[in-house]
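Q: Could you take me through one part of this model in some detail? I'd like a connected account that I can follow on screen.

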Amino acid sequence: MPVHRVYNFSAGPAVLPLSVLEEAQRDLVALPGVGMSVLEISHRSKTFDAIIQAAEADLRTLGSIPANYKVLFLQGGASLQFAMVPMNLLTSGAVADYILTGSWSKKALKEAKLIGATHVAASTEEGGFKRVPAANEIKLTPGAAYVHMTSNNTIAGTEWHHVPETTGAPLVCDASSDIFSRPIDISKFGLVYAGAQKNLGPSGVTVVIIREDLLARSSDTLPAMLNYKTQADAGSMYNTPPVFGIYTLGLVLKWLVGQGGLTAIAKVNERKAKVLYDELDRTPYWRPHAEKDSRSLMNVTFRLPSEDLEKQFIKDAAAAGFDGLKGHRSVGGLRASIYNAFPEEGVKALVEFMREFEKKNG
Ligand SMILES: *Cc1c(COP(=O)(O)O)cnc(C)c1O
(Lines give C-alpha, C1' and ligand atoms only; values in the text may rest on other atoms or scores of the structure.)
Protein backbone atom coordinates (compact mmCIF):
# COMPACT_ATOMS: atom_id res chain seq x y z
CA MET A 1 0.00 0.00 0.00
CA PRO A 2 1.51 3.37 -0.95
CA VAL A 3 2.20 5.55 2.08
CA HIS A 4 0.58 8.94 2.33
CA ARG A 5 2.97 11.88 1.94
CA VAL A 6 1.94 15.51 2.26
CA TYR A 7 3.47 18.35 0.29
CA ASN A 8 6.26 19.39 2.65
CA PHE A 9 7.13 23.09 2.27
CA SER A 10 9.36 23.10 5.37
CA ALA A 11 12.40 25.41 5.30
CA GLY A 12 14.61 22.75 6.86
CA PRO A 13 15.03 19.91 7.54
CA ALA A 14 13.19 19.64 4.29
CA VAL A 15 11.70 17.28 1.76
CA LEU A 16 13.98 14.55 0.36
CA PRO A 17 13.50 12.69 -2.92
CA LEU A 18 11.10 9.78 -2.37
CA SER A 19 13.45 7.43 -4.22
CA VAL A 20 16.22 8.30 -1.75
CA LEU A 21 14.01 7.53 1.23
CA GLU A 22 12.93 4.27 -0.35
CA GLU A 23 16.49 3.20 -1.07
CA ALA A 24 17.61 4.08 2.46
CA GLN A 25 14.64 2.16 3.84
CA ARG A 26 15.23 -0.87 1.64
CA ASP A 27 18.91 -1.10 2.60
CA LEU A 28 18.60 0.01 6.22
CA VAL A 29 18.78 -3.39 7.89
CA ALA A 30 21.59 -4.69 5.70
CA LEU A 31 23.54 -2.95 2.96
CA PRO A 32 23.65 -5.22 -0.10
CA GLY A 33 26.71 -7.47 0.08
CA VAL A 34 27.65 -6.21 3.55
CA GLY A 35 25.10 -7.81 5.86
CA MET A 36 25.12 -4.87 8.27
CA SER A 37 23.19 -1.65 8.50
CA VAL A 38 24.86 1.57 7.47
CA LEU A 39 24.02 2.60 11.05
CA GLU A 40 26.29 -0.13 12.37
CA ILE A 41 29.35 -0.09 10.14
CA SER A 42 32.74 1.22 11.18
CA HIS A 43 33.71 4.52 9.64
CA ARG A 44 37.12 2.90 9.02
CA SER A 45 35.56 0.05 6.99
CA LYS A 46 36.03 -0.41 3.24
CA THR A 47 32.27 -0.02 2.86
CA PHE A 48 32.18 3.41 4.42
CA ASP A 49 35.34 4.44 2.62
CA ALA A 50 33.55 3.69 -0.66
CA ILE A 51 30.48 5.65 0.52
CA ILE A 52 32.38 8.80 1.49
CA GLN A 53 34.61 8.64 -1.60
CA ALA A 54 31.58 8.34 -3.87
CA ALA A 55 29.84 11.23 -2.12
CA GLU A 56 32.90 13.43 -2.57
CA ALA A 57 33.35 12.35 -6.20
CA ASP A 58 29.71 13.12 -7.04
CA LEU A 59 29.92 16.45 -5.23
CA ARG A 60 33.04 17.34 -7.22
CA THR A 61 31.51 16.30 -10.53
CA LEU A 62 28.17 18.02 -9.93
CA GLY A 63 29.78 21.27 -8.73
CA SER A 64 32.75 21.12 -11.15
CA ILE A 65 34.90 21.67 -8.06
CA PRO A 66 38.48 22.53 -9.08
CA ALA A 67 41.29 20.20 -7.91
CA ASN A 68 42.76 22.87 -5.61
CA TYR A 69 39.71 22.77 -3.33
CA LYS A 70 39.18 20.36 -0.44
CA VAL A 71 35.74 18.96 0.36
CA LEU A 72 35.03 18.41 4.05
CA PHE A 73 32.09 16.67 5.74
CA LEU A 74 31.77 18.17 9.21
CA GLN A 75 29.25 18.35 12.03
CA GLY A 76 27.76 21.24 13.97
CA GLY A 77 25.65 22.64 11.14
CA ALA A 78 26.11 25.90 9.30
CA SER A 79 26.01 27.57 12.72
CA LEU A 80 29.36 26.05 13.70
CA GLN A 81 30.77 27.40 10.44
CA PHE A 82 29.77 30.88 11.61
CA ALA A 83 32.50 30.37 14.24
CA MET A 84 34.96 28.14 12.36
CA VAL A 85 35.29 30.56 9.45
CA PRO A 86 36.66 33.43 11.60
CA MET A 87 38.59 31.06 13.92
CA ASN A 88 40.51 29.74 10.94
CA LEU A 89 40.56 32.60 8.44
CA LEU A 90 40.47 35.80 10.48
CA THR A 91 44.14 36.15 11.30
CA SER A 92 45.19 38.64 13.97
CA GLY A 93 45.40 42.24 12.83
CA ALA A 94 43.09 41.58 9.87
CA VAL A 95 39.45 42.58 9.35
CA ALA A 96 36.64 40.38 8.04
CA ASP A 97 33.92 41.98 5.91
CA TYR A 98 30.31 40.87 6.30
CA ILE A 99 27.47 41.55 3.89
CA LEU A 100 24.24 41.43 5.86
CA THR A 101 21.24 40.20 3.91
CA GLY A 102 19.22 38.45 6.60
CA SER A 103 19.03 36.81 10.00
CA TRP A 104 21.60 34.14 9.18
CA SER A 105 24.24 36.64 8.02
CA LYS A 106 23.67 38.57 11.25
CA LYS A 107 24.26 35.41 13.25
CA ALA A 108 27.44 34.75 11.28
CA LEU A 109 28.67 38.26 12.07
CA LYS A 110 27.83 37.87 15.75
CA GLU A 111 30.12 34.84 15.99
CA ALA A 112 32.92 36.53 14.05
CA LYS A 113 32.83 39.47 16.45
CA LEU A 114 33.76 37.06 19.25
CA ILE A 115 36.90 36.13 17.35
CA GLY A 116 38.29 39.28 15.78
CA ALA A 117 37.78 42.55 13.94
CA THR A 118 34.82 42.81 11.59
CA HIS A 119 33.29 45.38 9.27
CA VAL A 120 29.76 45.50 7.87
CA ALA A 121 30.41 46.03 4.16
CA ALA A 122 26.71 46.36 3.35
CA SER A 123 23.35 45.72 4.98
CA THR A 124 19.83 45.62 3.61
CA GLU A 125 18.22 45.34 7.03
CA GLU A 126 16.52 48.70 6.61
CA GLY A 127 13.21 47.87 5.00
CA GLY A 128 13.30 44.29 6.25
CA PHE A 129 15.92 42.45 4.19
CA LYS A 130 13.78 42.58 1.06
CA ARG A 131 16.71 42.54 -1.32
CA VAL A 132 20.42 41.96 -1.69
CA PRO A 133 22.66 45.03 -2.02
CA ALA A 134 23.67 46.60 -5.32
CA ALA A 135 27.38 46.60 -6.18
CA ASN A 136 27.76 50.31 -5.35
CA GLU A 137 26.37 49.78 -1.83
CA ILE A 138 29.12 47.35 -0.85
CA LYS A 139 32.03 49.08 0.94
CA LEU A 140 34.88 46.62 1.26
CA THR A 141 37.87 46.89 3.58
CA PRO A 142 41.08 46.98 1.53
CA GLY A 143 43.00 43.78 2.25
CA ALA A 144 40.13 42.15 4.18
CA ALA A 145 40.81 38.64 5.52
CA TYR A 146 37.69 37.55 3.67
CA VAL A 147 34.24 38.75 2.64
CA HIS A 148 31.29 36.79 4.00
CA MET A 149 27.96 36.53 2.17
CA THR A 150 24.79 34.43 2.37
CA SER A 151 23.77 33.33 -1.12
CA ASN A 152 20.16 32.56 -0.23
CA ASN A 153 18.33 34.14 2.67
CA THR A 154 16.09 31.35 3.83
CA ILE A 155 14.01 33.50 6.16
CA ALA A 156 13.49 36.67 4.09
CA GLY A 157 13.23 34.77 0.80
CA THR A 158 15.90 36.62 -1.15
CA GLU A 159 18.78 35.28 -3.21
CA TRP A 160 21.84 36.64 -4.97
CA HIS A 161 21.64 36.21 -8.73
CA HIS A 162 25.28 37.14 -9.27
CA VAL A 163 28.53 36.72 -7.36
CA PRO A 164 29.72 40.01 -5.84
CA GLU A 165 33.18 41.39 -6.62
CA THR A 166 35.62 41.31 -3.69
CA THR A 167 38.77 42.83 -5.23
CA GLY A 168 40.95 39.88 -4.28
CA ALA A 169 39.69 39.04 -0.79
CA PRO A 170 38.51 35.42 -0.51
CA LEU A 171 34.74 35.25 -0.73
CA VAL A 172 33.15 33.02 1.92
CA CYS A 173 29.61 31.93 1.20
CA ASP A 174 26.93 30.41 3.41
CA ALA A 175 25.05 28.48 0.73
CA SER A 176 23.00 26.36 3.13
CA SER A 177 19.68 26.91 1.43
CA ASP A 178 20.58 27.08 -2.26
CA ILE A 179 23.68 24.95 -2.71
CA PHE A 180 23.40 22.85 -5.87
CA SER A 181 20.05 24.38 -6.80
CA ARG A 182 21.83 25.88 -9.82
CA PRO A 183 25.34 25.78 -11.31
CA ILE A 184 27.97 27.35 -9.05
CA ASP A 185 31.40 28.65 -10.08
CA ILE A 186 33.42 27.48 -7.06
CA SER A 187 36.56 29.19 -8.38
CA LYS A 188 35.00 32.55 -7.44
CA PHE A 189 34.93 31.54 -3.77
CA GLY A 190 37.54 30.89 -1.12
CA LEU A 191 35.12 28.82 0.94
CA VAL A 192 31.54 27.63 0.54
CA TYR A 193 29.65 25.94 3.35
CA ALA A 194 26.21 24.47 3.75
CA GLY A 195 24.27 22.54 6.35
CA ALA A 196 22.93 19.58 4.37
CA GLN A 197 19.37 19.62 5.64
CA LYS A 198 17.88 22.01 3.10
CA ASN A 199 19.11 20.94 -0.29
CA LEU A 200 21.57 18.08 0.16
CA GLY A 201 20.33 15.57 2.68
CA PRO A 202 19.49 15.13 6.34
CA SER A 203 20.67 17.30 9.22
CA GLY A 204 23.89 16.31 10.94
CA VAL A 205 26.35 16.80 8.11
CA THR A 206 27.78 20.08 6.89
CA VAL A 207 29.61 20.41 3.59
CA VAL A 208 32.63 22.73 3.48
CA ILE A 209 34.44 23.41 0.21
CA ILE A 210 37.68 25.27 0.86
CA ARG A 211 40.49 26.50 -1.40
CA GLU A 212 43.68 24.73 -0.37
CA ASP A 213 45.85 27.81 0.12
CA LEU A 214 43.47 29.04 2.85
CA LEU A 215 44.29 25.99 4.99
CA ALA A 216 47.64 27.63 5.72
CA ARG A 217 45.78 30.17 7.88
CA SER A 218 44.52 27.55 10.36
CA SER A 219 46.60 27.99 13.49
CA ASP A 220 47.99 25.02 15.45
CA THR A 221 46.53 26.60 18.56
CA LEU A 222 42.99 25.80 17.43
CA PRO A 223 41.22 22.79 18.93
CA ALA A 224 41.60 19.93 16.47
CA MET A 225 37.88 19.57 15.73
CA LEU A 226 37.62 23.25 14.84
CA ASN A 227 40.68 23.30 12.61
CA TYR A 228 40.05 23.08 8.84
CA LYS A 229 43.60 21.88 8.22
CA THR A 230 43.27 19.01 10.71
CA GLN A 231 39.93 18.03 9.20
CA ALA A 232 41.30 18.24 5.65
CA ASP A 233 44.46 16.26 6.49
CA ALA A 234 42.30 13.56 8.09
CA GLY A 235 39.90 13.38 5.12
CA SER A 236 37.00 14.43 7.39
CA MET A 237 37.78 11.42 9.61
CA TYR A 238 39.70 12.97 12.48
CA ASN A 239 36.93 11.46 14.61
CA THR A 240 33.80 9.50 13.76
CA PRO A 241 32.09 11.39 10.96
CA PRO A 242 28.27 11.54 10.62
CA VAL A 243 28.11 8.20 8.80
CA PHE A 244 24.37 8.04 8.16
CA GLY A 245 24.23 11.69 7.08
CA ILE A 246 27.05 11.21 4.58
CA TYR A 247 25.42 8.02 3.28
CA THR A 248 22.09 9.80 2.72
CA LEU A 249 23.79 12.85 1.22
CA GLY A 250 25.47 10.43 -1.19
CA LEU A 251 22.07 9.07 -2.22
CA VAL A 252 20.75 12.61 -2.78
CA LEU A 253 23.78 13.45 -4.94
CA LYS A 254 23.23 10.29 -7.02
CA TRP A 255 19.61 11.35 -7.45
CA LEU A 256 20.80 14.79 -8.56
CA VAL A 257 23.17 13.24 -11.11
CA GLY A 258 20.18 11.24 -12.38
CA GLN A 259 18.16 14.45 -12.76
CA GLY A 260 20.83 15.70 -15.17
CA GLY A 261 22.97 17.71 -12.76
CA LEU A 262 22.85 21.35 -11.77
CA THR A 263 21.96 22.89 -15.14
CA ALA A 264 18.97 20.59 -15.41
CA ILE A 265 17.79 21.05 -11.82
CA ALA A 266 18.18 24.83 -12.19
CA LYS A 267 15.69 24.76 -15.08
CA VAL A 268 13.20 22.83 -12.98
CA ASN A 269 13.74 25.20 -10.05
CA GLU A 270 13.19 28.24 -12.28
CA ARG A 271 9.99 26.70 -13.61
CA LYS A 272 8.72 25.88 -10.12
CA ALA A 273 9.44 29.34 -8.74
CA LYS A 274 7.89 31.03 -11.78
CA VAL A 275 4.58 29.22 -11.27
CA LEU A 276 4.43 30.53 -7.72
CA TYR A 277 5.67 34.08 -8.39
CA ASP A 278 3.32 34.42 -11.37
CA GLU A 279 0.45 33.72 -8.99
CA LEU A 280 1.83 36.19 -6.43
CA ASP A 281 2.01 38.86 -9.16
CA ARG A 282 -1.44 38.07 -10.58
CA THR A 283 -3.41 39.85 -7.87
CA PRO A 284 -2.61 42.41 -5.17
CA TYR A 285 -4.31 40.02 -2.74
CA TRP A 286 -0.89 38.39 -2.30
CA ARG A 287 1.93 40.57 -1.00
CA PRO A 288 5.30 39.08 -1.94
CA HIS A 289 8.02 40.06 0.54
CA ALA A 290 11.14 40.13 -1.64
CA GLU A 291 11.88 42.73 -4.30
CA LYS A 292 11.62 41.27 -7.78
CA ASP A 293 15.28 41.15 -8.75
CA SER A 294 16.26 39.58 -5.40
CA ARG A 295 13.60 36.89 -5.27
CA SER A 296 14.67 33.50 -4.00
CA LEU A 297 13.93 30.46 -6.13
CA MET A 298 14.11 28.32 -2.98
CA ASN A 299 12.07 30.15 -0.32
CA VAL A 300 9.07 32.12 -1.55
CA THR A 301 7.82 34.53 1.12
CA PHE A 302 4.54 36.42 0.99
CA ARG A 303 1.82 37.91 3.12
CA LEU A 304 -1.94 38.11 2.92
CA PRO A 305 -4.17 41.16 3.53
CA SER A 306 -4.39 40.39 7.27
CA GLU A 307 -2.86 38.19 9.94
CA ASP A 308 -6.22 36.53 10.45
CA LEU A 309 -6.31 35.52 6.80
CA GLU A 310 -2.74 34.22 7.10
CA LYS A 311 -3.76 32.03 10.03
CA GLN A 312 -6.78 30.82 8.10
CA PHE A 313 -4.63 30.08 5.06
CA ILE A 314 -2.15 27.99 7.05
CA LYS A 315 -4.99 26.08 8.72
CA ASP A 316 -6.88 25.39 5.49
CA ALA A 317 -3.66 24.54 3.65
CA ALA A 318 -2.67 22.00 6.31
CA ALA A 319 -6.11 20.38 6.03
CA ALA A 320 -5.61 20.16 2.26
CA GLY A 321 -2.21 18.43 2.59
CA PHE A 322 0.21 21.38 2.38
CA ASP A 323 2.55 21.39 5.35
CA GLY A 324 5.17 23.84 6.61
CA LEU A 325 3.89 27.05 5.04
CA LYS A 326 4.06 29.27 8.11
CA GLY A 327 6.60 32.05 7.62
CA HIS A 328 9.42 32.73 10.05
CA ARG A 329 8.22 34.92 12.92
CA SER A 330 10.65 37.71 11.96
CA VAL A 331 8.95 38.15 8.56
CA GLY A 332 5.49 36.79 9.30
CA GLY A 333 3.06 35.57 6.68
CA LEU A 334 3.78 32.56 4.55
CA ARG A 335 6.87 30.86 3.23
CA ALA A 336 6.88 28.11 0.63
CA SER A 337 10.26 26.37 0.55
CA ILE A 338 10.62 24.59 -2.76
CA TYR A 339 14.08 23.02 -2.71
CA ASN A 340 15.44 20.64 -5.36
CA ALA A 341 13.49 17.66 -4.05
CA PHE A 342 10.15 19.49 -3.82
CA PRO A 343 7.93 18.07 -6.58
CA GLU A 344 6.79 20.35 -9.39
CA GLU A 345 3.19 19.11 -9.15
CA GLY A 346 3.16 20.23 -5.51
CA VAL A 347 3.81 23.83 -6.56
CA LYS A 348 1.02 23.67 -9.11
CA ALA A 349 -1.31 22.17 -6.52
CA LEU A 350 -0.47 24.99 -4.09
CA VAL A 351 -1.27 27.62 -6.73
CA GLU A 352 -4.64 25.93 -7.37
CA PHE A 353 -5.29 26.03 -3.64
CA MET A 354 -4.28 29.73 -3.47
CA ARG A 355 -6.74 30.65 -6.23
CA GLU A 356 -9.55 28.84 -4.45
CA PHE A 357 -8.61 30.50 -1.20
CA GLU A 358 -8.67 33.96 -2.74
CA LYS A 359 -12.09 33.29 -4.30
CA LYS A 360 -13.49 32.21 -0.96
CA ASN A 361 -11.78 34.83 1.18
CA GLY A 362 -11.12 37.70 -1.25
C1 LIG B 1 19.32 26.94 8.10
C2 LIG B 1 20.41 27.89 7.84
C3 LIG B 1 21.49 28.05 8.72
C4 LIG B 1 21.58 27.29 10.02
O5 LIG B 1 21.90 25.98 9.75
P6 LIG B 1 22.21 24.93 10.93
O7 LIG B 1 22.75 23.77 10.13
O8 LIG B 1 20.94 24.65 11.62
O9 LIG B 1 23.23 25.53 11.83
C10 LIG B 1 22.48 28.94 8.38
N11 LIG B 1 22.42 29.65 7.25
C12 LIG B 1 21.40 29.53 6.38
C13 LIG B 1 21.39 30.36 5.14
C14 LIG B 1 20.37 28.66 6.65
O15 LIG B 1 19.35 28.53 5.79
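Which residue in strand 9 is the bridge partner of V172? Please start from that pair and work outwards from there.

A: Happy to! One thing to keep in mind throughout is that this is a predicted model. The residue you are after is L191, the bridge partner of V172 in strand 9. That pair belongs to the pairing of strand 8 with strand 9 (residues 191-195), which is parallel and has three bridges. Packed on the sheet is helix 3 (residues 77-89), which touches strand 2, strand 3, strand 5, strand 8, strand 9 and strand 10 (206-211). The direction of helix 3 makes about 155 degrees with that of strand 9.

Now for the sheet as a whole. Seven strands make up this open sheet, in the order 2-10-9-8-5-3-4, with mixed pairing. At its edges are strand 2 (69-74) and strand 4 (117-123), each of which pairs on one side only. From one strand to the next, the twist averages 15 degrees.

Moving from strand 8 in the other direction brings us to strand 5. Strand 8 (residues 171-174) and strand 5 are parallel and share four bridges; in strand 8, D174 is the bridge partner of T150. On the other side of strand 5, three bridges link it to strand 3 (residues 95-100), again in a parallel pairing. There, A96 has Y146 of strand 5 as its bridge partner.

How enclosed is strand 5 itself? Strand 5 (residues 146-150) is largely enclosed by the rest of the structure, because five of its five residues are buried. In a regular strand, side chains alternate between the two faces of the sheet. Both faces of strand 5 are covered, with Y146, H148 and T150 buried on one side and V147 and M149 buried on the other.

Let's go on to the ligand, where D174 turns up again. The ligand is surrounded by 13 residues, of which S79, T154, D174, Q197 and K198 are the closest. For D174, a polar side-chain atom sits 2.6 Å from a nitrogen atom of the ligand. Oxygen atoms of the ligand are approached by T154, with a polar side-chain atom at 2.4 Å, and by K198, with one at 2.7 Å. Taken alone, the ligand exposes 390 Å², and the protein buries 87% of that.

T154 deserves a closer look of its own. T154 is found in the loop between strand 6 (152-153) and strand 7 (158-159). With a relative accessible area of 4%, T154 falls under the 20% cut-off, so it counts as buried. Besides its approach to the ligand, the side chain of T154 makes a polar contact of 2.7 Å with the side chain of S177. Beyond its neighbours within four places in sequence, the contacts of T154 include A11, W104, K198, N299, R335 and Y339.

Some of those contacts lead to a second sheet. N299 falls in strand 12 (residues 299-303), which runs antiparallel to strand 11 and is joined to it by two bridges. In that pairing, R287 stands opposite R303 of strand 12. Strands 11, 12 and 14 form an open sheet in the order 11-12-14, with antiparallel pairing. Strand 11 (287-288) and strand 14 (334-337) each have a single partner strand, so one side of each is left without a neighbour in the sheet. Lying across strand 11, strand 12 and strand 14 is helix 7 (residues 261-282), at about 15 degrees to strand 12.

Notes: Residues numbered from 1 in each chain as written. Predicted model: local features only at pLDDT ≥ 70, side-chain atom pairs only at ≥ 80, totals over all residues. Heavy atoms only, no water. Buried < 20%, exposed > 50% of the residue type's maximum accessible area, 1.4 Å probe, protein only. Polar contact = N/O pair within 3.5 Å; in protein donor to acceptor, adjacent residues only side chain to side chain. Contact = heavy atoms within 4.5 Å. Pairing = 2+ DSSP bridges. Axes fitted to C-alpha atoms, helices over the stretch in contact; angles between N-to-C directions. Near = heavy atom within 4 Å. Areas by Shrake-Rupley, 256 points an atom, 1.4 Å probe, with all protein chains shown as cover.
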